[in-house]
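Below is a short report on side-chain pairs, buried elements and strand order in one protein chain. Please read it alongside the sequence and the structure.

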Amino acid sequence: MRLVLLSGGSGKRLWPLSNDSRSKQFLKMLQRPDGQAESMVQRVWRQIAAAGLATRAYVATSKAQTEMLWSQLGNDVPLIIEPQRRDTFPAIALAAAYLYAMEGASLNETIVVMPVDPYVEEPFFHNLLQLGQVLEEAEADIALVGVEPTSPSDKYGYIVPDLQLPSQNGLAYQMVARFQEKPREEEAAVLIEQAALWNCGVFAFKLDYLINLLMEMGLPIQYEELVKQYARLPKNSFDYEVVERARRVAVMPYSGQWNDLGTWNTLTTMMKDPVIGRGILSGNSQDSHLINELDIPIVVMGLSNIIVAAGPDGILVSDKAASTGIKQAIGQFEDRPMFEERRWGYYRVIDYVKYAAGNEVLTKRICIRKGRNLSYQYHEKRSEVWTIVAGSGEAIINERLQRVAPGDVLLIEKGCRHSVRADEDLEIIEVQTGSELVEEDIIRSYMDWNEMIQICV
């Protein structure tokens, strides 16, 4: 079995802490058994490792999330990177081609696909191992996991079963009669009476099923060629393009804990502490939560059932029930993300100004973690001034190596090749000046520090 985790999303539903580069799965608001903070993706990966599945797991994602994934999971996590964002069918098709052409997976191997951020317990991952048996015993094209509902909900799609089949191997599964997209609550209650299950987005199929489907669609099955023709893939969900059109679909019920922490209302139910960051909730504020990523304190007094979230991108104060509408409410904001986590650390935008003449000035606070380094890079549209404010390390400027320490100032002109490595956590105030200050204006030559050292004079 191979396990593919889908990591996508634009991050709008947990604004202002999530954004286009830091989707909800990367917010560190859950708690590990040792009490340390962790994100949804870190929790899932920890559980996968505990279930013995980490060596068979891959993350399918977009270019925008690669740095964040490496930062939170480490550089050894295998990523299957989309050349552009499309939908779940293209992402899963690309993953199938990768496993077939690049990993040498058998066509008879079971591929299990799931979101990267469900809130479940470890038995959930052990149950995934049974999906291959379900496919074979039911002679199904697709096998799903369906969660037994705890209440009528209009937040999820439903899987309506046809009949439960007896199993010689003790497997509990049903054949699927139909699917129902997010019904009204009263309709959901009727579906539950029909033993309908929540669709939690977990699919399983034999690799040859999807490879043959790509061939029928006239698409390449070699990974590198499919990358080149990625725009030809239908921009549809895997549910619509494959599952709902499959000849035979089976579903395995799951009765354990499962939550989709996609809104402030649901995420706060799983937080151990009602306050994260600098702030105070008064004793008469019932069932309220405060998450503060800013350096200034926030005090909430006498307000119940609210969420207060503050970060570099903005501040949200909302009744918890109303917070589900945040995505529509912020549609008018098109500001750039003010915080990003990278494989080497993170940065926070302190100030940004665009002048009438067209020139821009952007000030960042950058933290490079101990032992990590920036790529060896240059810029075509901006110059930078670095002021080292904490920590120590080494910098390479146009193939010349030098030590850096607090108080040092480095001038990096347009076209200047540069990198820096931290001996201990290194903090830099960076002031960018140029005509277009975007992350795309980075031309990289090397990623590995040892390779950079080899070219120094």
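What follows covers aromatic pairs, charges, cysteines, one helix and one sheet. The model is predicted.

## Aromatic pairs

The count of aromatic pairs comes to 11. One of them joins Tyr 58 and Tyr 98. Their ring centres are 6.4 Å apart, and 70° separates the planes. The geometry is edge-to-face. Tyr 58 belongs to strand E4, residues 57-62, and Tyr 98 to helix H3, residues 88-101. The pair therefore ties together parts that lie 40 residues apart in sequence. Both Tyr 58 and Tyr 98 are buried.

Phe 124 and Phe 125 make another pair. Here the centres are 5.6 Å apart and the planes stand at 85°. Planes over 60 degrees apart count as edge-to-face, so this pair is edge-to-face. Both members are enclosed: Phe 124 is buried at 2% relative accessible area, and Phe 125 is buried at 0%.

Tyr 58 and Tyr 98 also belong to one aromatic cluster with Tyr 223.

## Charges over rings

Two arginines sit over tyrosine faces. Arg 43 lies over the face of Tyr 119, 3.8 Å from the ring centre. Arg 245 lies over the face of Tyr 240, and its distance from the ring centre is 4.7 Å.

## Salt bridges

The model holds 23 salt bridges. Three of them are set out here, with the closest N and O atoms of each pair.

| Acidic residue | Basic residue | Closest N and O atoms |
|---|---|---|
| Glu 293 | Arg 22 | 2.9 Å |
| Glu 38 | Arg 46 | 2.7 Å |
| Glu 340 | Arg 342 | 3.3 Å |

Which parts of the chain does the salt bridge of Glu 293 and Arg 22 link? Glu 293 is in the loop between strand E16 (289-292) and strand E17 (298-300). Arg 22 is in the loop between strand E1 (2-6) and strand E2 (30-31). These are distant parts of the chain, with the two residues 271 apart. Glu 293 is partly exposed, at 22% relative accessibility. Arg 22 is buried, at 5%.

In the bridge between Arg 46 and Glu 38, the arginine is partly exposed at 28% relative accessible area. Glu 38 is buried at 2%.

Glu 340 and Arg 342 are buried on both sides of their bridge. Glu 340 has 10% relative accessibility and counts as buried. Arg 342 is buried with a relative accessible area of 9%. Elsewhere, salt bridges with shared partners join Lys 24, Asp 117 and Asp 260 into one network.

## Cysteines

The disulfide count is 0. A disulfide is a covalent bond between the sulfur atoms of two cysteines. Cys 456 is in no disulfide. Its nearest cysteine sulfur belongs to Cys 416 and is 12 Å away. A disulfide needs the two sulfur atoms within 2.5 Å. Cys 200 has 6% relative accessibility, so it counts as buried.

## Helix H2

Is helix H2 enclosed or exposed? Helix H2 spans residues 66-73, and 7 of its 8 residues are buried. It is therefore largely enclosed by the rest of the structure. The buried residues are Thr 66, Glu 67, Met 68, Leu 69, Ser 71, Gln 72 and Leu 73.

What covers the buried residues of H2? The cover includes helix H1 (40-50) and strand E4. It also includes strand E5 (79-82), strand E20 (339-342), strand E21 (345-354) and strand E30 (443-446). Strand E4 is also where Tyr 58 of the aromatic pair lies. After H2 comes Gly 74, with a positive phi near 100°.

## A sheet of four strands

One open sheet has 4 strands in the order E14-E16-E18-E19. The pairing is mixed. Strand E14 (275-276) and strand E19 (314-319) stand at the edges. Each has a single partner strand, so one side of each is left without a neighbour in the sheet.

Strand E18 covers residues 306-311 and runs antiparallel to E19. How many bridges join E18 to E19? There are 6. Opposite Ile 315 in E19 stands Ala 310.

Definitions and conventions. Residues are numbered from 1 along each chain as its sequence is written. This is a predicted model: local features need pLDDT of at least 70, side-chain atom pairs count only at pLDDT 80 or more; totals for chains, interfaces and linings use all residues. Side-chain values use heavy atoms; hydrogens and water are left out. Rings of Phe, Tyr and Trp (its six-membered ring) pair if their centres lie within 6.5 Å; planes under 30 degrees apart count as stacked, over 60 as edge-to-face and the rest as tilted. Buried means under 20% relative accessible area, exposed over 50%, partly exposed in between (1.4 Å probe, protein chains only). A charge sits over a ring if NZ of Lys or CZ of Arg is within 6 Å of the ring centre and within 35 degrees of the ring normal. Contact means heavy atoms within 4.5 Å. A salt bridge is a side-chain nitrogen of Lys or Arg within 4 Å of a carboxyl oxygen of Asp or Glu. Two strands pair if DSSP finds at least two bridges between them.
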